[in-house]
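Welcome! Here are some short exercises to work through with the model open beside you. Try each one before reading its solution.

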Amino acid sequence: MMKATENRHFRSLELDKILEMLASHATCADAKELALSLTPQTDLYLAQALLKQTEDAHMLLARFGGPSFGGLHNVNNALQRAAAGGMLTMRELLEIAEVLRVIRSLSEWRSRSAGVDTCLDNFFQALMPNKFLEERILNAILSEDEMADSASPTLQDIRRKIRAASSRVRDRLDQMIRSPHYQKFLQEPIVTQRNGRFVVPVKNESRGEVPGLVHDTSSSGATVFIEPMGVVEANNEIKVLQSKERDEIDRILMELSTEAGSFAESVKASYECAVELNLIFAKAQLAYEMKAAPPLLNDEGIIELRHARHPLIAKDKVVPTDIRLGGDFDTLVITGPNTGGKTVSIKTIGLLTLMAMCGLMIPVADQSRVSIFTHVLADRSELSVFREVYADIGDEQSIEQSLSTFSAHMTNIIDILRQADGHSLVLIDELGAGTDPIEGAALAMAILEQLHLQGAKVAATTHYAELKAYALQTPRVENGCCEFDVATLRPTYRLLIGVPGRSNAFAISERLGMETAVVDRARELVSAENTRFEDVVESLEKSHQALEQEREEARSQRSEAEAIRQRAEEQLKSIDQLRNREIEQARAQAMRIVEQARRESQAFLMELEKLKKEKEKNQNLAELARRAKSQMKQHANAMAEVTNPVVAPVADDADYVLPRPLRVGDAVLIADLDKQATVLALPDKNGNVEVQAGPLKTR
């Protein structure tokens, strides 16, 4: 499919302006170019994948803020030359280091947001940071034209020698310019440089008094710059050292270039992933700017937009509207007065469809909610992926082709009729306008019938009343209108589905002050059939408005009820958790006491056994045995109290009444322990019943 800038249908829907907005959020030039060349995907799965990427980036932005892409440049050409054995400049190497820094920062940013799985992880995992090469370049090169002394020991040694030689030359020349003998021959007592050699400015008439080599003359000719013979050798030494310095710098650049070339493929692959991420996060940032939400996608031609806003209309002026198409009807005929929002409605359908096919979130209400049990209550907007989107909107008059507005529109529509099929969305503004009303209405009806037969999903605006009746009488064709407030003489810009538009000409004229007699005469001239039709339309509009109000109230009550239900579920879950925690704590305490009692009982039994063996020596055996048995019984009772506590019945069982009096042998349920037991004895005077649950007996 063609790019948005090359497809006239996409330009009619202003997709190119949306892509320009997207490009403004991209950082690097290649990501901007990708944004501007973005193509709507005609495959459902590809479109869903792109939209999921944007949705995940949007979530990451909300939770962790956005990653930085500043400094991302295309260094592929430099890397390719380096891989081929070429030597890069210091600037090119610094740009490679900057790209490596961005790649590393992106990888580190994702590691800081670990724990959240997204479909973008493949891009982040494909990034290959190379801190070694990055630091190697930055430690060696200070700027585009300066190599660091520490780039190599040899360079450091050469520069030390250059500084020492330069210092010696300066010392000699300083002595010379301070000498009374030479001062009278000098134009100024300074040391300067010409052609990289130290010289002194000598008066032209005294040039023979200062032996040396002339390197330059001032523009006036009054001064010559002479290198005294005493420093020629020292200057020669400096020139030789400077030549060695350049050679060493070239060697270092070649070494760095070779290292960069060895990593060329990994850097290029990481750069491409970084560019893709830049584009995806630009989509997410555009979604934040538009306050957009992700729609559901299908390939069945179903469009369900909830509180949709045209993204190119100012936020303080745009009016959200609900639009349907492709569900219970395939063709939507929108009628009504000018400036009422008809064109904006069909542009909104087309533009939001193309945006979703590009993987962009759309400016609609985000009404999806998730309960604590992860049941999604979806009230999201839904859009379809189409193979082609056709639009005939705006003034197509062509001076070059000598075509009128009507001819230009017909040329466009003929082309659409030749190509549209069951996978097409067709949007036509002012269908049949620009010619005789009778012929125009008939032609418009025939075009809609043909598009309907070809299976296309169609939304068209028109002024012709005949099309209102056509929509009422034809299956899967629906009327729509943009609401108009006669009291204020202003459109509300809300699209009403199922209601044909009224002209409101008489009402508007009366409100503007036209004489009643003139308006009444106009009403008389209108046929009785048309009057009855307008009355039906008015009744439909009032009924629709009442239904819409009831629908909004029901939606509000449903939302409130859902919120109450969620709070109740949360409270119930909290109570269950608290109850289970208390039961576990009680059981743990009971186990500790039982264990302690068991140990003490065992100790008493061992003592008793010992006493039996010594009964001839101990006359107090009977007393000690009695005391031991008494203490064992006390511990056993304590164990029974802890393991079988008597608690008040729970609220749900408080009003329970036995169907008959208890009998020995009845099966009962110990509610607090959730254990079945058998009645051993009838209730005592306190109402306690002795029961047996397994090996345990309790009251």
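**Exercise 1.** Find how many cavities of 30 Å³ or more the structure holds, and work out what lines the second largest cavity.

*Solution.* Start with the count: this predicted model has two cavities of 30 Å³ or more. Next, turn to the second largest cavity, which contains about 30 Å³ of space. Its lining includes Asp 392, Phe 406, His 409, Met 410, Ile 413 and Ile 428, along with the run Asp 429, Glu 430, Leu 431, Gly 432 and Ala 433. Now look at where these residues come from: helix 14 (residues 405–419) is the biggest contributor, giving four residues. Finally, sort the lining by class, and you get six nonpolar, two polar and three charged residues.

**Exercise 2.** Identify which residues touch the most other members of the largest nonpolar core.

*Solution.* The largest nonpolar core has 103 residues, and Ile 141, Met 147 and Phe 281 touch the most other members. Helix 12 (residues 264–290) supplies the most to this core, with 15 residues. Then follow Phe 281 outward: setting aside residues up to four places away in sequence, its contacts include Ala 57, Leu 60, Trp 109 and Phe 124. Last, note a second, separate core of 23 residues, with Phe 406, Met 410, Ala 456 and Val 458 among them. Phe 406 and Met 410 also line the second largest cavity.

**Exercise 3.** Check how confident the predictor is along the chain.

*Solution.* Begin with the average: the protein chain has a pLDDT of 81, and 82% of the residues score at least 70. Then look for weak stretches. Over residues 368–378 pLDDT stays under 50, and residues 396–402 also stay under 50.

How values were computed
Residues numbered from 1 in each chain as written. Predicted model: local features only at pLDDT ≥ 70, side-chain atom pairs only at ≥ 80, totals over all residues. Heavy atoms only, no water. 1 Å grid on protein atoms, 1.4 Å probe; cavity = no way out; pocket = protein on both sides within 12 Å on 5 of 7 lines; lining within 4 Å. Points joined across faces, edges and corners; volume = space filled by probe spheres on them. Helix = DSSP H or I, 4+ residues; strand = E, 2+ residues; numbered from the N terminus. Nonpolar A, V, L, I, M, F, W, Y, C, P; charged D, E, K, R; others polar. pLDDT = per-residue confidence, 0-100. Contact = heavy atoms within 4.5 Å. Core = buried A, V, L, I, M, F, W, Y, C linked by side-chain atoms within 4.5 Å. Buried < 20%, exposed > 50% of the residue type's maximum accessible area, 1.4 Å probe, protein only.
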